[in-house]
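Visitor: Could you take me through one part of this model in some detail? I'd like a close look at the disulfide and its surroundings.

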Amino acid sequence: MKTIVLIAAAALALPMAAMAQTTGHAAAPAAAASSAKPPLKQRAKTKAKAVAQKVVPKRVLKKVEEAQPISDDTNVTLSPEDLAVAQRVLTGSVKCELGASVNVEADDKKPGFFNLTLGGQRFRMHPVESRTGAIRLEDPRAGAMWLQLGNKSMLMSQKQGIRLADDCQAAKQIEVEEEMKKNPPKSLFDGADAPSAGKK
């Protein structure tokens, strides 16, 4: 009787062991593949941002960023990348077109967050990942966005579908614009080899 029980137990144990080995072997490459994927995606994303910064005109960057919906998540935890972007946000009173001005202040109590005021309107904003590499702050409650480019910024309400303030320039952005006037950025076709006069 004991022999029969042992044989039955062995018969059941062998297929189970084989299944465990097969599953283990299949899971290992799958786990390795899944761990290999994020760095490739990350590199592709970084490369796409770099290309966008080099060749996409600023007017196109503005249109792309305006079209990107503002997140409605109010429970925000900033990543190290977000905090790095926050270090590049220009603060102070920023003069805009039509005599408007936007005041941008870093929140002392919560690093990476900013308080923006335009007249009687107040916004609490934080950096978010941008498709174009531009600096983008969002206020999910108000549905508003502050977009900072090299030579100008804008405040937009996606909720209302309007720009609240445009052509805003901090002192550093005025310097960038002056430099752009002196040395205009080259288009993609500038610098192409022109045929020399002696060559036919």
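Guide: Here's a walk from the disulfide out to the residues around it.

Keep in mind that this is a predicted model. It holds 1 disulfide, and that link runs between Cys96 and Cys168 with an S to S distance of 2.1 Å. The torsion about the S-S bond is 105°, so to speak a right-handed link. The two cysteines sit 72 residues apart: Cys96 belongs to the loop between strand 1 (92-95) and strand 2, while Cys168 is part of strand 8, and the pair thus links distant parts of the chain. Both Cys96 and Cys168 are buried.

Now look at the neighbors on each side. Leu98 is in that loop between strand 1 and strand 2 as well, and Leu98 has a positive phi of about 60°. Leu98 counts as exposed, at 85% relative accessibility. On the other side, Asp167 lies in strand 8, and its phi is positive too, near 50°. Asp167 is partly exposed, with 30% relative accessible area. For context, most residues other than glycine have a negative phi.

From Cys168 you can step to Trp146, which touches Cys168 along with others including Val102, Val104, Leu116, Met125 and Leu155. Those five and Trp146 are the residues that touch the most other members of the largest nonpolar core, a set of 20 residues. Strand 8 (162-168) is one of the elements giving two or more residues to this core, and strand 2 (101-106) is another. There's also a second, separate core of 6 residues, with Met145 and Leu147 among them.

Methods: Residues numbered from 1 in each chain as written. Predicted model: local features only at pLDDT ≥ 70, side-chain atom pairs only at ≥ 80, totals over all residues. Heavy atoms only, no water. Core = buried A, V, L, I, M, F, W, Y, C linked by side-chain atoms within 4.5 Å. Buried < 20%, exposed > 50% of the residue type's maximum accessible area, 1.4 Å probe, protein only. Helix = DSSP H or I, 4+ residues; strand = E, 2+ residues; numbered from the N terminus. Contact = heavy atoms within 4.5 Å. Disulfide = S-S within 2.5 Å. Lists of a residue's contacts leave out its neighbours within four places in sequence.
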